[in-house]
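Grab a pencil and work through these exercises with the structure open beside you. Try each task before you read its solution.

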Amino acid sequence: MKQLVYFILILFVFSCKSDDEQQDPIPLNESTVVILNEGNYNFGNASLTLYNEQDKSVNQKIFQTNNQGRPIGDVVQSAIQIGNELFVVVNNSSKIEILNVSNLTSITAIQQLNSPRYITVANSTKAYVSDLYEDKLYVINPSSHEVVKTIETKGWIEEMAITNGKLYLTHVDSNQIWIFDVQTDTVLQKINTHQQPQYIEIDKDKIAWISCSGGLNGGKSALYKLDTSSDSVLSILEGASSKYKIGELELNSTKDELHFLGNDGLYAMNVNAAVLPNSPKIGQGNRLFYGFSIHPTTNEIYISDAIDYQQRGVVYRFNYSVTQMDAFKVGIIPGDIIFLN
Amino acid sequence: MRILGTILFLAMASNLLSQNTISDTVRINSVTVNGHSKTRNQQTLDSSILGNPQHLNLGDLLSKKSHLFIKSYGIGSLATVSLRGSGTAHTQVNWNGISLNSSMNGSSDLALFPLFFMDQVGVNYGLNSLADGTGGIGGAVNISTLPEFGKQLNLFSSYLHGSFGQQQLNVKIKGGGEKFQSITKIIYNQADNDFEYREFTTEGFPNNKVSNARFLQKGVMQKFFFKLPKNQLFEASLWFFNSVRNLPPLITLRDNKELQEDVALKSLVKYSKYFKNSTLKVTSAFLSDELNYQNERAGIATSALTNSFRTRLDYEFNFKKIDVHTQAKYDHSNASADGLVTAVNQNRAEFFLKTEQLITKDFKTSLSLRSLHVVQAESYLLPQVRLDYQVQGLNLHLYALAGKNVKYPSLNDLYYVPSGNVNLKAEESESAELGAIYERGFANNKALFTSSATLFYNNIANYIQWEPTAFGFWRPSNLNSVETMGSELFIELSQVKGKIKKQLNATYSYTASKNYEKQHEFDESSGKQLIYIPEHKGNVSLNMEIDNISFAMNYQFIGIRFISSDNEELLPSYSLLDASVCKNLKWRDKSIISLSAGVKNILDVEYQAIEWRPMPNRNYFIKISYQFNK
């Protein structure tokens, strides 16, 4: 019996653990970049990284640090700043965390969504949230932080854009662009596309650019150019082969040069170009480009590299003439990059 | 500090009982050089350990009693295995010599193997798994059902009630005579699994209950053994198992309301003929595995069906003092699933030749060659050499072995839509192992000390890894060349003294499993430990039997596990202590009633085996069983 008591005592000694230390929230300055680290699906290891453009300092896991050690969740998909609040879409945690942009502390969260993907804003009291599984579009009030209503969409919706009083959404499951009246939330038109339309941008002439990945069965990628005044397709630019991929889209600050992520790097083309570019503006090499953003005023390009999807990734910062200005480690699977203002 | 503590503890715990102890239940790396006995590197766990209610299923047992690391997603949830730092699909699970690994994903979920169906469980480490087939780069787990001839009728029934709504009912009916045996086993197992955990995603970390974690398992096994004239034995087994598991969500996400149903039908026939100097065995099996998955939140419902016909022929004989083992295997698998465009087939054959020869009375050599032929694909030749030496007068056995193994890609690796990769190469390993085994009896052999130490090295080329892509799906590729190396230690002390039996055993393994490829200057994974493979793992078990009372205690230590390939993120180590006591009562000569009670996770450790998946704190069970023998 004495032996048993020793046994248990020893185990207790080696099983002691210290309490987590808590820190005061780290404040943000005026030139802050937030990197959304998606993390692995179903691993719960998403995080936010802060990057100071001026002194190039980096703060990892800023949400966890500034919110009493609480992790942000599973798969940080996208984020958008609305006023003084940052709305962070945490896809697999079914929520939108609403953060104070001054220190990224949580104000509240819109919970009980299904699988939210992106937010686009109509005005201070109306924004749309797309969803992967819900078969609906959420309409939220960004001021009251509430879901106001839902709109039947029957399928997976990805990126959206608003112009000319109309909402353009990429309807992945039906391979269509759906156009809604923002006032009435009724469907005005549906336009067929190539397989899997996912990203959309509106250029300086209010032309909508939509990229289609080509689907999972080896279809060709394509870029649709849509006139938003007449809602007619102006042109379709198709990849030369199924290996030519067109993914995420971004426009520069003057909205006259379109950038997209291809299978071997970051491509760029003038919005008046009639053909797709042949070679990337920034080659990928051994890196694994996963997302990118262009600074709305400086035109600096930030590209994220997921490396092997299992370690902390890297973000490369280039000026517009693609000279690398910095590279810094971030979190696991860095995706979108947000410039706070 | 924890590691140091554990090593210290192992040493102290060993000393506690070094004065006395025995038992014949666990043997590891027992090598016999003399005579014509087989050489083996196997850890064997028999029914006395399998029957302990502390162990929920095969994964739970092996986690506590062997060098295997089990990556468990929770009680009754998916339990995958890693042996010697290798991947999930690198451990073969064999049932009476027939592989049970899924043709679809190449691996086995050990939570779906009820211990009540097994009479013996063995682990063949590393190259030793090649005796039964390719693919076990880490090793193989062998589960056996054994005959027991003799005129008898044996009825057994048990009921276990545990925390979190666990209920387990087992029934066994065994009968027959000297030439025929019939064994029927039935199991029913369910649990709500609604244990409490701290909600780390909510401010203040309030307590919450795990949701959507209920499981229900039902199964039946029927075995027939026929002893035929002229030293022939025929056996037929049927194994049906149905498991319905709700899959609990991560702490960090909303309940997906996921559900997985597995339906397995395994049938096996085996014929053995024992000649004067040779043995012939023919084993054939038909395996059918159906998996249905539902995700209510995503509106997903998928199913997959795999049918496999697997057969092997073994002929062993002695030729001019050389033991020869020949083997031929054929495997046909057919899979249809929502993730496959059409049903896919894979046919493969293996041939094996092994010779063992005593060079002197202390020195033995063993040479073997196995070939794998995948129809309309590649062929592989896998040589192996082994040397055994017994140091006379010291009860010390030394051995060394080296050889190659191969793991051919699974059907999912090759054909899964949209990302299967038909250009994948097979994973090929080159391995070497050195070992020493020491055994010594004391007190007229009523006490026994056994110990072993092993060093191993393994290089796996064309390591297959599934990775997400920027275009929304996962894809397998031959990414890394991975090196694993380490050591395994085992100590056992056992003693019988009057009516008192004691046994103490301890295992410790050190595993370094590393990738040495570097993508570019920012890739910090090179030379780092692979994720979810602990460098340090240890177990200590103590079993005591005094008259009709038995006591069992098991301590388990799992070291830190890195969860990012640059080793910047990790899960802390944890220690678990389980204990149980059992009292046997005789009733009317032919009946025995057993009462058991136990506590798991006595130290009430809060831990996560997988990040953000809570595991149960301290919990309890009681069990009553009735046995009738005639």
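**Exercise 1.** Work out what secondary structure chain A holds, and judge its compactness from its radius of gyration.

*Solution.* Start with the elements: in this predicted model, chain A has two helices and 28 strands. Next, take the radius of gyration, which is 22 Å. The globule rule gives 20 Å for 341 residues, and the two values are close, so chain A is as compact as a globular protein of that length. Now look at the extents: the C-alpha trace spans about 85 × 45 × 40 Å along its principal axes. Finish with burial, where 61% of the 341 residues count as buried.

**Exercise 2.** Do the same for chain B, going from its helices and strands to its radius of gyration.

*Solution.* Chain B comes with four helices and 37 strands. Its radius of gyration is 24 Å, close to the 25 Å from the globule rule for 630 residues, so chain B too is as compact as a globular protein of that length. The C-alpha trace covers about 65 × 55 × 50 Å along the principal axes. As for contacts, take the pairs in chain B at least 6 apart in sequence: 61% of them join residues at least 24 apart.

**Exercise 3.** Find the residues that touch the most other members of the largest nonpolar core, and the elements that feed this core.

*Solution.* First, a bit of background: nonpolar side chains tend to be buried together in soluble globular proteins. Here the largest core has 36 residues, and B:Leu58, B:Leu62, B:Val121 and B:Ile143 touch the most other members. Then look for the suppliers: among the chain B elements giving at least two residues each are α3 (58-65), β7 (120-125) and β8 (139-144). Now zoom in on B:Ile143: beyond its neighbours within four places in sequence, its contacts include B:Leu58, B:Val121, B:Phe113 and B:Trp239. Last, there's a second, separate core of 27 residues, including A:Trp209 and A:Met269.

**Exercise 4.** Is A:Gly69 buried, partly exposed or exposed, and which residues does A:Gly69 touch?

*Solution.* Locate the residue first: A:Gly69 sits in the loop between α2 (62-66) and β4 (76-82) of chain A. Its relative accessible area is 34%. Buried needs under 20% and exposed needs over 50%, so A:Gly69 is partly exposed. For contacts, skip residues up to four places away in sequence; that leaves A:Gln64 and, from chain B, B:Phe205. Finally, measure across to A:Ser230: 161 residues along the sequence, and 51 Å in space from C-alpha to C-alpha.

Methods. Residues numbered from 1 in each chain as written. Chains lettered and ligands numbered in written order. Predicted model: local features only at pLDDT ≥ 70, side-chain atom pairs only at ≥ 80, totals over all residues. Heavy atoms only, no water. Rg over C-alpha atoms; globule rule 2.2 N^0.38 Å. Contact = heavy atoms within 4.5 Å. Core = buried A, V, L, I, M, F, W, Y, C linked by side-chain atoms within 4.5 Å. Buried < 20%, exposed > 50% of the residue type's maximum accessible area, 1.4 Å probe, protein only.
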